[in-house]
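User: I'd like a close look at one part of this model, the sheet, and then a walk outward from there. Take your time and keep it connected.

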Amino acid sequence: MRVVTWNINSLRLRLPLLERLVAELSPDVICLQETKVPDELFPEQVPARLGYPFHLRRGMKGYNGVAILSRVPMRRDDTAPDWCLKDDRRHLAAVLDAPSGPVTLHDFYVPAGGDVPDPAANPKYAHKLAFVEEATRYFAAHPAHARCVLVGDLNIAPGEHDVWSHRQLRDVVSHTEPEIVRMRAWMDTGFVDAMRQFVPPTEKLYTWWSYRNRDWRGSNRGRRLDHVWVTPDLLPSLRDLVVHVAARDWPQPSDHVPVAVDLAL
DNA sequence: ATGGTGGATGTTCCA
């Protein structure tokens, strides 16, 4: 089963690119972030037309928004809280009917956190830290013991080689120590980093390149903001990782590229 | 130290 996570940065603007993702990667499950479409304006017929009879969506006007498209049946899991009581549509959970049995799937869009890495001066950074802390408390209280996959744009690049320059980004939001410490605590509630099972932590690995760069490939100032975590019982099921870097050169691209993980489920 | 680009919205916010 191939699970893809992708921050699409406007679903309606990039419907042709979603179709291209399906043609090129043929995912079984697609987790989207930053759909930027209210549920009532969601392109209702598109998932089925692309081969995904099942979909869940949780959007709002202008900002945020997540969606899951699936070839296998799934049911929504609504047990998680409204993070930071903001109703800001950053999380969807589902239980997938995988061939080997049910699998729980979480699709997260963690707040980006603004520019200034000081929670006292920057409410967006404070929100980001609080969001990750709340998620950590939740998963500590409700551990994902087994058969759980967590994906999304977590907006944190934790490792030295998850950014183009550890030295130059250590005070840049997405790579600060308080974010990294909190992200590790979240993962340590019961997950392992699936992407790093395929690419050693000593090797550069990016999923995002800023729009504010004329030659993204030439300068290659990337960050790994998008993640796939699995419960340890799924480690023997991991088969492949595809970071679809070519998508950064698609016409009118997202600044994030799709990440696919294959699991024998 | 600064500004660079893009999406949704609406004369600005967010990333």
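In which sense do strand β6 and strand β7 pair, and over how many bridges?

Analyst: Bear in mind that this is a predicted model. Strand β6, residues 91-98, runs antiparallel to strand β7, residues 101-109, and eight bridges link the two. If you want a spot to zoom in on, look where Ala98 sits opposite Gly101 of β7.

Now pull back to the sheet that holds this pair. It's an open sheet of six strands with mixed pairing, and the order across it is β5-β6-β7-β8-β12-β9. The two edges are β5 (74-76) and β9 (192-193); each of them has a single partner strand, so one side of each goes without a neighbour in the sheet.

There's another pairing worth a look, that of β1 and β2. Strand β1 (residues 2-7) and β2 pair in the parallel sense, with five bridges between them. Thr5 is a handy landmark here, with Cys31 in β2 as its bridge partner. As for β2 itself, residues 29-33, it's mostly covered, with five of its five residues buried. In a regular strand, side chains alternate between the two faces of the sheet. You can follow that along β2: Val29, Cys31 and Gln33 are on one side, Ile30 and Leu32 on the other, and all of these are buried, so both faces of the strand are covered.

Stay with β1 for a moment, as Arg2 is part of that strand. Its relative accessibility is 16%, so Arg2 counts as buried, the cut-off for that being under 20%. The side chain of Arg2 makes a polar contact of 2.7 Å with the side chain of Asp262.

A similar kind of link turns up past the edge strand β9. Thr207 is in the loop between β9 and β10, and with a relative accessible area of 0% it is buried. Its side chain and that of Asp226 are joined by a polar contact of 2.6 Å.

That loop leads on to β10, and β10 brings us to the largest pocket. The volume of this pocket is about 1,000 Å³. Its lining takes in 37 residues, and the ones closest to the centre are Ala112, Gly114, Asp115, Trp208 and Arg212. Three elements give two or more residues to that lining: α3 (123-141), β10 (208-209) and α6 (216-219). Of the elements, α3 gives the most, with three residues. The lining as a whole is a real mix, with twelve nonpolar, 14 polar and eleven charged residues.

Arg212 also shows up on the DNA side. DNA strand B has 17 residues around it, and Arg212 is one of the closest, along with Ser10, Arg14, Tyr211 and Arg214. Of the strand B atoms that come within 4 Å of the protein, sugar and phosphate make up 62%. Three atom pairs give you a feel for how the protein meets the strand:

- Arg14 has a polar side-chain atom 3.1 Å from a phosphate oxygen of DNA strand B.
- Tyr211 uses its backbone, with a polar atom there 3.1 Å from a sugar or linking oxygen of DNA strand B.
- Arg214 has a side-chain N or O atom 2.5 Å from a phosphate oxygen of DNA strand B.

Sorted by class, the surface near strand B comes to eight charged, five nonpolar and four polar residues.

Back to where we started, because there's a cavity that touches the beginning of β6. Rolling a probe the size of a water molecule over the atoms shows where empty space is left. Here the count is one cavity of 30 Å³ or more, and the largest cavity has a volume of about 50 Å³. Its lining consists of Arg58, Asp82, Trp83, Asp87, Asp88, Arg89, Arg90 and His91; the last of these falls within β6, which spans residues 91-98. By class that makes six charged residues, one polar and one nonpolar.

One last stop, over in the helices. Ala185 belongs to helix α5 (residues 177-187) and is partly exposed, at a relative accessible area of 35%. Measure from C-alpha to C-alpha in your viewer and Arg137 is 9.5 Å away from Ala185, though the two are 48 residues apart in sequence.

Conventions:
Residues are numbered from 1 along each chain as its sequence is written. Chains are lettered from A and ligands numbered from 1 in the order in which they are written. This is a predicted model: local features need pLDDT of at least 70, side-chain atom pairs count only at pLDDT 80 or more; totals for chains, interfaces and linings use all residues. Side-chain values use heavy atoms; hydrogens and water are left out. On a 1 Å grid over the protein atoms alone, a cavity is a set of points where a 1.4 Å probe fits but cannot get out, and a pocket is an open set with protein on both sides within 12 Å along at least five of seven lines; lining residues have an atom within 4 Å of a point. Grid points are joined across faces, edges and corners, and a volume is the space filled by probe spheres set on the points. Helices (H or I, at least four residues) and strands (E, at least two) are DSSP runs, numbered from the N terminus. Ala, Val, Leu, Ile, Met, Phe, Trp, Tyr, Cys and Pro count as nonpolar, Asp, Glu, Lys and Arg as charged, and the others, Gly among them, as polar. A residue is near a molecule or strand if one of its heavy atoms lies within 4 Å of it. A polar contact is a pair of N or O atoms within 3.5 Å; within protein, one must be able to donate a hydrogen and the other to accept it, and residues adjacent in sequence count only if both atoms are side-chain atoms. Two strands pair if DSSP finds at least two bridges between them. Buried means under 20% relative accessible area, exposed over 50%, partly exposed in between (1.4 Å probe, protein chains only).
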